[in-house]
Every structure is written in C-alpha cells, then in structure tokens.
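Me: I have a new structure open and don't know where to begin. Can you walk me through the main points?
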Amino acid sequence: MTTALEADPPRVRKPARRRLRQDVVRYRWLFLLMLPGVVYFALFRFWPMYGARIAFKNYIPFLGIDGSEWVGFAHFQAFLSNPDFPRLLVNTLVIAALSLFIAFPLTIVLALLLNELRLQILKRTVQTLVYIPHFLSWTVVVSITALLFAIDTGPLWTFFAGLFGTDANMLADPDWFRPLVLMQMVWKDTGWGTIIFLAALAGVDQEQYEAAIIDGAGRWQRVWNITIPSILPTIVVLLILHTGQILNTGFEQIYLMSNSLNRTVADVFDTYVYFAGIEQGAYSYSTAVGLFKALVGLVLIFGTNWLAKRFNQQGIF
Amino acid sequence: MSTTHKRFNTRAGRAFDVLNVAVLTGVGLLAILPFLYVLAGSFATELEITTRPFFLWPNEFTTASYASILSSDVFVRAFATTVVVTFVGTFVQLGLTALMAYPLAKPDLPGRRTILSLVVFTMVFSAGMIPTFLVVKDLGLLDTYWALILPMAINPFSLIIIKNFFQQLPHELEESAKIDGANELQVLWHVILPLSKPVLATFALFYAVGIWNDYLSPLLYLSDTSKWTLQMILRQVTAAASLSADEMATDVPPPAQGIKFAVVIIATIPVLLAYPFLQKHFAKGMLIGSVKG
C-alpha cells in the first residue's frame with residue numbers, strides 16, 4: 001500500500017515534465033517568434049511596474065533602488081496632504097468632466113446625424129473631413145490654436161474679442177484655458193470617435209426600420225427605439241474605458257497649453273508628475289503620484305464594469 | 001417602394017433633412033478651415049497675416065517663409081531625423097507586433113492565455129512616466145533615437161487586433177503549407193503576411209503617424225537639442241510669441257509670424273499625404289480585426 005503510494009508521485013510528475021519538454025520542442029518556432037515581443041513587454045511594461053516600488057522609498061540613484069531607504073507610504077501622505085492636491089484634483093476632474101459630459105455626447109450626436117444623412121456622397125465627404133484632425137499631433141493642434149488666437153491678429157481672437165468685448169490674451173488667460181482645451185478636444189477627436197458608433201449602426205438589421213415604418217413609427221421614434229438601443233452596448237463599453245481614464249487628462253495637450261500665467265487652472269496630475277519627477281528630480285514622490293493615479297484608474301474601470309453588469313449591460317471583462 | 005417614399009414624405013422629416021445637410025456641411029468645414037487658414041497664411045506676407053483677420057487665399061503670394069525655414073540647418077536636420085526615425089521605428093514596431101501576434105493566434109499554444117491576460121493588464125494599468133523613464137535611463141537609451149521607438153514598440157490594442165485577424169484566416173492554407181514541409185517561419189512569411197497586407201498597412205500607418213507626431217518621448221528622453229525631432233522644433237518656433245521669455249530654451253528672437261504658419265504646414269504635410277491610404281483601410285482593418293475571438 002504505502003510503497004505504491006510513494007511510487008505514485010514520480011510517475012505523475014515525470015510525464016508533466018516530459019510534456020513541457022515536448023511542448024518546447026514542438027512549439028520552438030512559435031516561441032522563438034514571440035520572444036522579442038515577450039522581452040519587450042517584460043522590459044518596457046513590467047520592469048517599470050517592479051521599479052515603481054521606489055514610490056515607497058527615498059530613491060537615490062547612486063544607492064540604487066534596493067539600497068535606498070524604505071519609507072512606506074510617506075510620499076503618498078505627503079502628496080495627499082500637499083496644499084496643491086485639491087487644486088490638481090479639481091483641475092483634473094474639470095477637464096475629465098468636459099470630456100465626458102460635452103465631448104463624448106457630441107460624438108454620439110455627430111454619429112447619429114451622420115447616420116441619418118441620406119446623401120451618401122455628402123456623408124462620405126463629411127466623414128473624410130472630420131477624421132483628419134485626429135491625425136494631427138498635439139503640437140500642431142496647439143500651434144494652430146496659437147495662430148488662431150494670436151492677440152490682435154488671430155482670426156478667432158478677433159471673433160471672440162468682438163463677441164465678448166474683451167481684449168484679453170486668451171492663450172495666457174486662466175479663464176480661457178478650459179474653453180480652449182475643450183475646443184481642441186472636440187475639434188481633434190469628435191469626428192474620429194464616430195467611427196465606432198457608425199460601425200455599430202452599420203450592423204443594424206434594416207428590416208427593423210422597415211417594420212417600424214409599417215407600424216407607423218415616425219423618424220424620431222425609430223431613432224429612439226431602434227438606433228439608440230443598438231449603439232447602447234458600445235456607449236457602455238466606451239463609458240467604462242472613459243471612466244478608467246478620468247485622471248489621465250492627456251499629457252501632451254495640457255503640457256503644451258500650459259504656461260506660467262495659466263498654471264492655476266492648467267496644472268493636472270499628469271503634468272505635475274512631469275514637473276516634479278523630470279524637472280525637479282523627485283523620482284520617488286512623482287512615482288507615488290503616478291501610482292496613485294494608476295490605481296484610482298484601475299479601481300474606477302473595474303467599478304464601472306461591475307456596475308454595468310449589475311444593470312444587465314455587457315461589460316468589458 | 002412605397003415605404004421608402006413614406007420616409008421622405010412628412011414635412012418635418014424633410015425639414016430635418018435640409019437642416020441636417022446644413023449642419024453636417026458646417027461641421028465638415030469647421031474640421032478643415034483652421035488648417036486651410038494656416039496653409040493660406042504660410043504663403044502670405046508678414047503684413048497680410050498681421051492685418052487681415054481671416055483669409056483662405058493670400059492677396060500677395062510668397063514662398064519667403066518656406067525659403068527661410070529650408071535655409072535653416074537646424075530645421076532641415078530635424079526634418080531628416082524625424083523621417084529616418086519614423087521609417088525605422090515603424091518597421092521595428094510593426095515587425096515586433098506581427099511576430100508576437102502570430103503565435104498568440106494559435107489556440108493551442110501553451111501559455112497563450114497567460115500572456116494575453118498580461119497584455120490586457122498593461123492596457124488598464126501602467127507604472128507611469130517616471131518608472132518608465134528610469135528603465136529607459138538604466139538601459140542607456142537616453143539621448144538615443146531608440147528611446148523614441150522601443151518604449152512604445154508594441155501597442156497592446158494593435159497587437160490584439162492583428163492577432164484576431166490572423167486567427168480568422170482559414171486554417172486550411174496553413175495546413176497545406178505545412179504538409180508541403182514549411183515551418184512556422186515560412187508559413188508566416190509566405191502565407192499569413194501576404195494575406196494580411198491591408199491590416200498590416202493600416203497599422204504601419206498608425207505606428208508611423210504615432211512616431212511622427214510624438215512629442216512626449218523626445219521631451220522626456222532627448223536632452224541633446226541637436227537630436228531634436230520636428231515636433232520639438234515646431235513647439236520651439238510657435239510657442240515663441242504666446243509664452244513669456246523665461247519659458248523659451250533659446251535666446252533667439254521670436255520668429256516672424258509667417259515662419260510659424262509654414263512650420264505647422266511642413267510638420268503636417270507627411271501625415272496628410274499618408275491620410276488617403278490610411279482612410280482607405282482603417283475602418284475596414286479595424287472592423288475585421290475587432291471581431292471577438
């Protein structure tokens with residue numbers, strides 16, 4: 001009895017090990033092809049996660065990460081009790097809100113309007129035009145903004161100065177920072193954002209519309225009862241992804257739009273990490289800020305995903 | 001026949017159609033007008049730019065702004081650098097992505113699920129700017145062009161879409177190639193890649209536009225100004241007037257307005273040249289690949 005039991009485990013283990021060896025031999029080409037990609041993810045995506053433990057240390061490059069002193073949550077506490085924290089949080093959330101409550105609904109509206117357009121040639125032309133700004137860099141978008149809003153000479157400066165009876169330098173004025181950022185967001189990505197909705201709408205069975213027409217449904221009723229429900233799953237998925245990005249304002253746009261005069265409203269978590277980490281060399285502290293941001297994003301994305309499932313919508317996980 | 005007529009017949013419906021055409025024409029124009037203004041301005045004289053508020057065609061046509069830019073060594077070098085980095089970078093990035101996507105498209109590959117979960121994890125969580133910067137620094141990539149290519153080499157979204165595309169290709173092709181004695185590398189090269197040209201072209205262009213437009217990487221990783229890319233130079237030139245003097249890294253006097261217009265155009269033209277090819281494929285490419293699998 002006992003001898004039989006003792007003899008058993010090696011017999012179980014051996015085939016497993018042999019199977020592994022067989023796998024490696026059998027799939028050697030595939031493993032080899034995948035190797036550079038795996039090294040990439042290990043090096044540039046996961047090694048930084050391991051390195052992020054400097055958020056809990058007083059990292060001094062000379063001493064190395066392991067040699068640096070362990071300080072626990074001191075940097076997180078310092079950040080949360082920093083007098084700048086409320087301002088950063090408000091600035092970040094305001095920009096997130098502009099994106100979520102204005103830019104995102106505008107994308108849906110544009111997609112619905114395009115979907116209602118019967119003139120196919122106009123539809124294609126408008127689509128071609130509104131996708132273009134997405135491919136311009138933030139540097140170009142911000143530069144174009146600077147030219148359009150150049151004080152005294154820019155066309156949009158002239159227009160808004162006349163409209164509001166002001167002669168402010170809109171590029172530096174804190175009151176103009178958020179409107180300008182919103183305009184840029186809408187201009188650059190509203191058109192591009194419609195692609196995914198139009199793809200969802202293309203999949204709607206046309207017979208549903210015909211049946212609705214026979215039943216006497218008006219145009220608005222068809223939009224409300226057929227079109228919108230058919231893009232609802234897409235809206236939910238995008239909302240989940242959006243929520244996870246709430247603290248990510250998009251570094252390039254905000255960094256490029258901020259200057260010494262509009263800092264009070266322009267400073268957000270993303271740019272704060274850059275200024276503290278890269279410009280001032282506070283590696284541990286800025287890593288803690290970045291980690292805080294990433295963890296909040298992770299919680300939000302899983303939270304909204306859970307909520308979506310509670311309301312019988314398909315989540316993303 | 002009668003149903004389609006009914007759709008057009010209500011008066012409110014017709015009014016909506018007219019309004020919709022007007023609104024969408026306006027939206028299309030708004031998308032392109034700022035760029036057309038900058039284009040017109042780049043061919044206008046300094047006087048015209050500062051005195052006419054808005055125009056789409058210069059009264060007096062001049063190429064002086066372009067001549068002045070193209071005579072600048074700094075600018076020409078930055079342009080050439082960016083072209084080379086974009087070409088090499090696209091090749092490296094697309095190559096790495098396709099090589100990794102192919103094995104992951106095999107449902108029976110051991111460890112496949114684990115690797116895919118880890119890839120998806122990087123889409124929702126990243127260590128952030130500073131730890132990545134420190135890795136790039138430790139690898140000795142600071143102030144090298146590889147720092148503009150390698151840290152973003154594989155985009156997880158692109159990887160998964162290309163993987164899904166490979167997965168839905170008919171298996172019979174691959175099996176018949178294997179019966180003829182081809183190994184995996186030969187199958188990938190002679191069977192899979194030729195069938196995937198439209199998808200690969202789409203992602204090549206996305207990667208290329210990403211590298212061309214990148215501002216964050218050179219900002220973080222290139223402190224040697226002689227290595228700067230076009231986007232960095234563009235920023236330097238156009239920020240001159242709107243920022244106070246202390247934000248400028250150089251002591252050069254602010255450039256004339258016309259030069260700013262022309263620099264924006266030169267930084268944009270390559271992307272706009274790629275756009276028609278991109279547009280032909282992106283909607284289709286994205287859709288094929290995004291089928292769940």
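Reply: We'll take the chains in turn, then look at where they meet.
Reply: One thing up front: this is a predicted model.

Me: OK. Start with chain A. How many helices and strands does it have?
Reply: Chain A has 15 helices and 2 strands.

Me: What size does it span along its principal axes?
Reply: The C-alpha trace of chain A spans about 95 × 65 × 40 Å.

Me: And what about its radius of gyration?
Reply: For chain A that comes to 27 Å. A compact globule of 317 residues would be near 20 Å.

Me: How much of chain A is buried?
Reply: Of its 317 residues, 34% are buried.

Me: What about contacts along the sequence, say 6 or more positions apart?
Reply: In chain A, 64% of those contacts are between residues 24 or more positions apart.

Me: Which domains does chain A have?
Reply: The assignment gives domain 1, residues 2-72, and domain 2, residues 76-310. Their C-alpha centres lie 39 Å apart.

Me: How many residues does each of those domains give to the contact?
Reply: Domain 1 of chain A gives 6 residues and domain 2 of chain A gives 5. On the domain 1 side, 4 are nonpolar, 1 is polar and 1 is charged.

Me: Switching to chain B. What is it built from?
Reply: Chain B has 14 helices and 0 strands. Read along the sequence, the pattern is α-α-α-α-α-α-α-α-α-α-α-α-α-α.

Me: How much of chain B counts as buried?
Reply: The figure is 37% of the 293 residues of chain B.

Me: And its contacts between residues at least 6 apart?
Reply: In chain B, 72% of those join residues at least 24 apart.

Me: Why does helix α9 of chain B lie largely in the open?
Reply: Count its buried residues. Helix α9 of chain B covers residues 171-179, and of these 9 residues the number buried is 0, so the helix lies largely in the open.

Me: What comes just after α9(B)?
Reply: There, B:G181 takes a positive phi of about 95°.

Me: How is chain B divided into domains?
Reply: Domain 1 of chain B is 2-62 and domain 2 is 67-289. Their contact takes 8 residues from domain 1 and 7 residues from domain 2.

Me: Which elements give two or more residues to the domain 1 side there?
Reply: They are α2 (11-42) and α3 (46-51) of chain B. The largest share, 4 residues, comes from α2(B). By class, that side has 4 nonpolar, 3 polar and 1 charged residues.

Me: Now the two chains together. How many residues of each are in contact?
Reply: 76 residues of chain A are in contact with 78 residues of chain B.

Me: Which helix gives the most to the chain A side?
Reply: Helix α2 of chain A, residues 28-51, gives the most, with 15 residues. The chain A side as a whole has 52 nonpolar, 17 polar and 7 charged residues.

Me: Give me one helix pair across the chains. How do α14 of chain A and α7 of chain B pack?
Reply: Helix α14 (residues 269-279) of chain A packs with helix α7 (residues 129-138) of chain B at an angle of about 35°. Their axes are 10 Å apart.

Me: Is that crossing left-handed or right-handed?
Reply: The crossing of α14(A) and α7(B) is right-handed.

Me: And which residues meet there?
Reply: From α14(A), they are A:V273, A:Y274, A:G277 and A:I278. From α7(B), they are B:M129, B:I130 and B:F133. By class, this contact has 6 nonpolar, 1 polar and no charged residues.

Note on methods
Residues are numbered from 1 along each chain as its sequence is written. Chains are lettered from A and ligands numbered from 1 in the order in which they are written. This is a predicted model: local features need pLDDT of at least 70, side-chain atom pairs count only at pLDDT 80 or more; totals for chains, interfaces and linings use all residues. Domain bounds come from an automatic or database domain assignment. Two residues are in contact if their C-beta atoms, placed from the backbone, lie within 7 Å. Ala, Val, Leu, Ile, Met, Phe, Trp, Tyr, Cys and Pro count as nonpolar, Asp, Glu, Lys and Arg as charged, and the others, Gly among them, as polar. A residue is buried if 20 or more other C-beta atoms lie within 10 Å of its own, exposed if 12 or fewer, and partly exposed in between; C-beta atoms are placed from the backbone. The radius of gyration is taken over C-alpha atoms; the globule rule is 2.2 Å times the number of residues to the power 0.38. Axes are lines fitted to C-alpha atoms, for helices over the stretch in contact, and angles run from 0 to 180 degrees between N-to-C directions. A crossing is left-handed if the near helix is turned anticlockwise from the far one by less than a right angle, and right-handed if clockwise.
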